[in-house]
Amino acid sequence: MNLQRLLVVIDAEHPQQPALQRAADVARKTGAELHLLQIDYHPSLDGGLLDSHMLNRARESILRQNHEALRASVAHLSDEGFRIEVDVRWGKRRHEEILARVAVLQPDILFSSTQPSSALRRLLLSDTSWQLIRRCPVPLWLVQDAEPLGQNLCAALDPLHSADKPAALDHQLIRTSQVLEGALDMQAHYLHAQAPLPRSLLFSAEVAQEYEDYMSQCSREHRQAFDQLIAQHSIAPAQAHLLDGFAEEVIPRFVRQHNIGLLVMGAIARGHLDSLLIGHTAERVLERIECDLLVIKSHGKG
């Protein structure tokens, strides 16, 4: 991952602009250029009684005013030495305008804020956010709050690919985390949660007798796969965590206990429908965390 070009979605209704503040923090440490994108839309100027010429003039006037206002609002960053480009566009479907800009600019990261005073869970219920998670081809950094909630980052790994993620994706998550660790002075952690079949689900006495053997074999397989993955990237033992329990419980608890400000997770776009396999487990994880989330996309089967 390079950190040279950052695209930031500006939310005109969000006074704090968490995504911009986080991207500026990254740019301060990396020298990256900032590209700001604001999408404007007013239903009253989408047809109606006015003719097309008047509608176009009204839209152009709004875009011009908002462009000037946005440029003025980030003048302090320009004075600080940031390289900034400002783009204000008209669009009814925000995610389509954002993705169109991503396709042209090819940023290293796309930054987007959550809604004011909302949990990350609410963000993921919005159509624009889900569309970006599903379809954005570049890493998507979803910012929870203007102030970072932690100084460390954590990559959630799945070395046995039980969530049908390709092997290459884990390596991509690790490489991305290592780049961010070095560039942003964050301590990286690498986490895998293993949860064998609960004993309570075993109804056969014969099967129950073999449960301990099953548990031991399951633990060995997870440990071997995790150790092999970690060894390929020279990760210190203190940074690698193989924990017992379900991911939706283990990951949020780990985030709270280890001062995690950024959780790195993988997602897979499949087929011509641009569908996303991020998994029910990941959805339950996202409902329970309050830190930033970086979604890394894999388009291959790895």
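1. Contact here means heavy atoms within 4.5 Å. On that basis, and leaving aside residues up to four places away in sequence, F111 touches L6, L7, V8, V9, A19, R22, A23, V26, W141 and V143. The structure under review is a predicted model, and the remarks below should be read accordingly.

2. F111 also belongs to the largest nonpolar core, which has 48 residues. F111 is listed there among the residues with the most contacts inside the core, together with L6, V8, L34, L36, W141 and L157. Helix 1, residues 18–30, gives the most to this core, contributing six residues. Both domain 1 (1–148) and domain 2 (149–301) supply at least three residues each to the core.

3. Another core, of 34 residues, lies apart from the one just described. Its members include I39, V138, C154 and A193.

4. Strand 2 (residues 33–40) pairs with strand 3 in the parallel sense, over seven bridges. Within this pairing, L37 has D87 of strand 3 as its bridge partner. Strand 3 itself, residues 84–90, is mostly covered, since five of its seven residues are buried.

5. Helix 2 spans residues 52–73 and has 22 residues. From its first C-alpha to its last, helix 2 reaches 31 Å, close to the 32 Å expected at 1.5 Å a residue.

6. Which residues of helix 2 are buried? They are L55, R59, L63 and L70; an arginine is thus listed beside three leucines. Viewed down the axis of helix 2, the buried residues fall within an arc of 60 degrees, so they line one face of the helix. The cover over these buried residues includes strand 1 (5–10), strand 2 and strand 3. The face of helix 2 turned away from the buried side carries the exposed residues H53, R57, E68 and A72.

7. A further point concerns R284, which is found in helix 11, residues 279–286. Is R284 buried, exposed or partly exposed? Its relative accessible area is 34%. Buried requires a value under 20% and exposed a value over 50%, so R284 counts as partly exposed. The C-alpha atoms of R284 and A247 are separated by 8.7 Å, and these two residues are 37 residues apart along the chain.

How values were computed. Residues numbered from 1 in each chain as written. Predicted model: local features only at pLDDT ≥ 70, side-chain atom pairs only at ≥ 80, totals over all residues. Heavy atoms only, no water. Helix = DSSP H or I, 4+ residues; strand = E, 2+ residues; numbered from the N terminus. Buried < 20%, exposed > 50% of the residue type's maximum accessible area, 1.4 Å probe, protein only. Pairing = 2+ DSSP bridges. Core = buried A, V, L, I, M, F, W, Y, C linked by side-chain atoms within 4.5 Å. Domains from an automatic or database assignment. Expected span 1.5 Å × (residues − 1). Arc of directions from axis to C-beta.
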